[in-house]
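User: Please take a close look at the surroundings of the ligand in this model, and describe with care what lines that site.

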Amino acid sequence: MKDSTMTTNELYDVIGIGLGPFNLGLAALLDPVAEVKSVFLEKKKAFNWHPGMLIEGTTLQVPFFADLVSMADVRSDYSFLRYLEAHNRLYHFYFLEKFHIPRKEYNHYCQWVSEQLNTCRFGMEVQKVVPVSLGSGDNVYEVTVWNDELQQTETLFTKHLILGIGSVPSVPEAFQSMLGKNVFHSADYVSKRGVCAEAESVAVIGSGQSAAEVFLDVAKEQEKHEFSLQWYTRSKGFFPMEYSKLGLEYFSPDYTRFFYQLPQEKKDRLLKEQDLLYKGISSDTIAEIYDLLYERTVGCDEPDIELQAMTEIVGIERNGKGFELHGYHRIKEEHFVDQAEVIILGTGYKPAFPGFLSEMKKSIAWDENGRYKVKEDYRLETYVEGEGDIFIQNGEMHTHGVGAPDLGLGAHRNAIIINTIAGRDVYPVQTKNVFQTFGTKTASVPVPF
Ligand SMILES: Cc1cc2nc3c(=O)[nH]c(=O)nc-3n(C[C@H](O)[C@H](O)[C@H](O)COP(=O)(O)OP(=O)(O)OC[C@H]3O[C@@H](n4cnc5c(N)ncnc54)[C@H](O)[C@@H]3O)c2cc1C
């Protein structure tokens, strides 16, 4: 470990890397905590929440209480209700009578919060993080950042790091060489969807919420421009995501606590069985798609639309103006070939190891599957000596369960992180939040017979 060349005014208590909703919520909740000196660094020029999927008419999949702060502090200046008040929209929202706000409005709300926090710095890409010694046995992290406006690097130092870099689009290996103007991931949909209007055939692949929203939007476009539309998924059906009230309790601090205590093999098995808790389609979107199909078939009209589940697209090959899709029906065990000029991959997102930590790979503890080992309070297990810690946001599904990417749990996770860093209960954490019991009610007893 190298020695530090730091001066004290460059030392922060907390540097947050990435400004998605989770680190932005942390910045907002840290704002009134004067004893913690923090800065949050984001490579984009301004806050922008999944801009490629800001499709007109789409909404958050969680109630507006899942804003940046309310579930930890309803009195915060940065709540969604305070945002409505500041924009003179309280009565509009009151008469709207909806819990699920437009995605566009959630983005605007987050932008409003980010513009008020002088701890949020945009156009700042973190390039490298290394631990450096202060000489006294203590360490801090040296963070090298590319300042896009000044076109130069800056060096900052911090006791704690908070990784809030989200996940990256997942594209199956077999399709990667095809990516371009006409084959793209749903994360790029809004900027690239124009190509559908010029095509004769469009295929959407996948059956998560993003794939369904893209399919619906393309189907609406098809009313104006004639092209054939196919929707394929290897899943057993176009199934809804769990949204019953008792099912939602799995996205609670209580379930997270229960899950955390389980042995890792059990966690891995459970997660595989819980796909539909977080991977399906919202029933509202399914209903909208169905209604559109019903309307379009009135009078025995036959729109050129096909939906096919249980069907995996195993390969894509260029073919003249368009592409050949090589499909495999997983139940009939049959192969087939189809054509499309535009292919949109709603194939989800995956965690990615951040390049800026490359020099620290050996200082981080990994489990046998190459994933971070994460403590209950979201600190990574590391071999770095001294007090400084690295916390993770939304990279701990394997240790903390299905709620890791859920916006409704962000403020709760941030309350725990802040309390750990401050060494006091800045934000009280509620314990009994659900009606059901996830573990056993009393301490376990030996098997009676
Ligand atoms: C389209 C879509 C809709 C979703 N809707 C919902 C929903 O309704 N409800 C729900 O509960 N969940 C939803 N999710 C899931 C999830 O909670 C969100 O994706 C959320 O944005 C995750 O927040 P985050 O802070 O972890 O990361 P992100 O929002 O992905 O933000 C990470 C940020 O880190 C920045 N970054 C990365 N590397 C660096 C670096 N080296 N230096 C500086 N900055 C860096 C990136 O530019 C990015 O801005 C949705 C996901 C998607 C994709």
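Analyst: Of the 28 residues around the ligand, those that come nearest are Glu42, His50, Gln61, Pro405 and Leu407, where a residue counts as near if one of its heavy atoms lies within 4 Å of the molecule. The model is predicted, so that local features need pLDDT of at least 70 and side-chain atom pairs count only at pLDDT 80 or more, while totals for chains, interfaces and linings use all residues. Residues are numbered from 1 along each chain as its sequence is written, and side-chain values use heavy atoms, with hydrogens and water left out.

Three polar contacts (pairs of N or O atoms within 3.5 Å) can be described in detail. The side chain of glutamate 42 has an N or O atom 2.7 Å from an oxygen atom of the ligand, and the side chain of asparagine 394 likewise places an N or O atom 2.9 Å from a ligand oxygen. At lysine 43 a polar atom of the backbone lies 3.2 Å from a nitrogen atom of the ligand. Taken alone, the ligand exposes 990 Å², of which the protein buries 87%, the accessible areas coming from the Shrake-Rupley method with a 1.4 Å probe.

As for the elements that build the shell, helix 1 (21-30), strand 3 (38-42) and strand 5 (124-133) each supply at least two residues, and strand 5 gives the largest share, with three residues. Helices (H or I, at least four residues) and strands (E, at least two) are DSSP runs, numbered from the N terminus. By class, the shell around the ligand holds 16 nonpolar, seven polar and five charged residues, with Asp, Glu, Lys and Arg counted as charged, Ala, Val, Leu, Ile, Met, Phe, Trp, Tyr, Cys and Pro as nonpolar, and the others, Gly among them, as polar.

Aromatic pairs, which are rings of Phe, Tyr and Trp (its six-membered ring) with centres within 6.5 Å, number 26 in the structure. One of them joins phenylalanine 64 and phenylalanine 80, with 5.8 Å from centre to centre and 50° between the planes, and is tilted; planes under 30 degrees apart would count as stacked and those over 60 as edge-to-face, the rest being tilted. This pair links distant parts of the chain, 16 residues apart, since phenylalanine 64 sits in the loop between strand 3 and helix 2 (80-86), and phenylalanine 80 in helix 2.

Terms used:
A polar contact is a pair of N or O atoms within 3.5 Å; within protein, one must be able to donate a hydrogen and the other to accept it, and residues adjacent in sequence count only if both atoms are side-chain atoms.
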